[in-house]
Amino acid sequence: MLEVLLVFVMNGGEPEISDRVFESFESCAEFVDTLAGESVVNSDHGFEFLSSDGIYFSGQCIEKSDYIMKESV
């Protein structure tokens with residue numbers, strides 16, 4: 001089963017991981033696009049957007065195993 005994490009940074013701070021684990025890249029992208037109010041997720045599953053209250057978000061929908069590998073390097 002695919003496990004996709006939403007890893008994001010707010011206003012250039014420390015990376016955070018959402019509590020929710022997604023079953024597909026598409027469902028993660030739909031969640032991010034809904035938060036942004038427009039389509040912001042690119043073909044590499046990355047995103048950047050400015051929220052309506054002025055918070056700058058950037059991040060990526062990433063497979064859990066890939067994220068774990070990146071963190072262990």
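In this predicted model, the disulfide count comes to one. If the word is new to you, a disulfide is a covalent bond between the sulfur atoms of two cysteines. Here the partners are Cys-28 and Cys-61, with their sulfur atoms 2.1 Å apart. The two cysteines are 33 residues apart, and the bond links distant parts of the chain: Cys-28 belongs to helix α1, while Cys-61 belongs to strand β4. Look along the S-S bond and you will find an angle of -85°, which makes this link left-handed. Are the two cysteines buried or exposed? Both Cys-28 and Cys-61 are buried.

**Around the disulfide: the core**

Cys-61 has plenty of company. Not counting residues up to four places away in sequence, Cys-61 touches Val-4, Leu-5, Leu-6, Phe-25, Cys-28, Ala-29, Val-32 and His-45. Cys-61 also has a place in the largest nonpolar core, which has 15 residues. Leu-6, Val-32, Val-40, Phe-47, Phe-49 and Cys-61 are the ones with the most contacts inside this core. Which elements give two or more residues to the core? They are β1 (4-10), α1 (25-36), β3 (46-50) and β4 (56-63). Among these, α1 gives the most, with five residues.

**The sheet**

Now follow the strands. Strands of a sheet pair through backbone hydrogen bonds, either parallel or antiparallel. In this model four strands make an open sheet in the order β2-β1-β4-β3, with antiparallel pairing. The edges are taken by β2 and β3, each with a single partner strand, so one side of each has no neighbour in the sheet.

Strand β1 is joined to β4 by seven bridges, and the two run antiparallel. Strand β1 is also joined to β2, by two bridges, again antiparallel. Why can β1 be called largely enclosed by the rest of the structure? Six of its seven residues are buried, so β1 is largely enclosed by the rest of the structure.

You can trace individual bridges along β1. Leu-5 has Ile-62 of β4 as its bridge partner, and Val-9 is matched with Ser-58, also in β4. On the β2 side, Phe-8 has Glu-16 as its bridge partner.

Ser-58 deserves a second look. This serine sits in strand β4 and is buried, with a relative accessible area of 19%, just where the cut-off of under 20% matters. Leaving aside neighbours within four places in sequence, Ser-58 is in contact with Val-7, Phe-8, Val-9, Phe-47 and Glu-48.

Another element joins the picture here: helix α2 (residues 64-72) lies across β1, β2 and β4, and runs at about 105° to β4.

**Loops and turns**

Three loop residues are worth finding in the structure, and the table shows how accessible each of them is.

| Residue | Loop | Relative accessibility | Class |
|---|---|---|---|
| Asn-11 | between β1 and β2 | 52% | exposed |
| Asp-19 | between β2 and α1 | 82% | exposed |
| His-45 | between α1 and β3 | 26% | partly exposed |

Asn-11 belongs to the hairpin of β1 and β2, which has five residues between the strands. What is the sign of phi at Asn-11? Phi is positive, about 50°, although Asn-11 is not a glycine. At 52% relative accessibility, Asn-11 counts as exposed because the cut-off for that class is over 50%.

His-45 also has a positive phi, near 70°, and is a residue other than glycine. With 26% relative accessibility, His-45 counts as partly exposed. This histidine brings us back to the disulfide, since His-45 is among the residues that Cys-61 touches.

Asp-19 lies in the loop between β2 (16-17) and α1. Its 82% relative accessibility puts Asp-19 in the exposed class. How far apart are Asp-19 and Leu-6 in sequence and in space? They are 13 residues apart in sequence and 8.5 Å apart in space, C-alpha to C-alpha. Leu-6, for its part, is one of the residues with the most contacts inside the largest nonpolar core.

Notes. Residues numbered from 1 in each chain as written. Predicted model: local features only at pLDDT ≥ 70, side-chain atom pairs only at ≥ 80, totals over all residues. Heavy atoms only, no water. Core = buried A, V, L, I, M, F, W, Y, C linked by side-chain atoms within 4.5 Å. Buried < 20%, exposed > 50% of the residue type's maximum accessible area, 1.4 Å probe, protein only. Contact = heavy atoms within 4.5 Å. Disulfide = S-S within 2.5 Å. Pairing = 2+ DSSP bridges. Axes fitted to C-alpha atoms, helices over the stretch in contact; angles between N-to-C directions.
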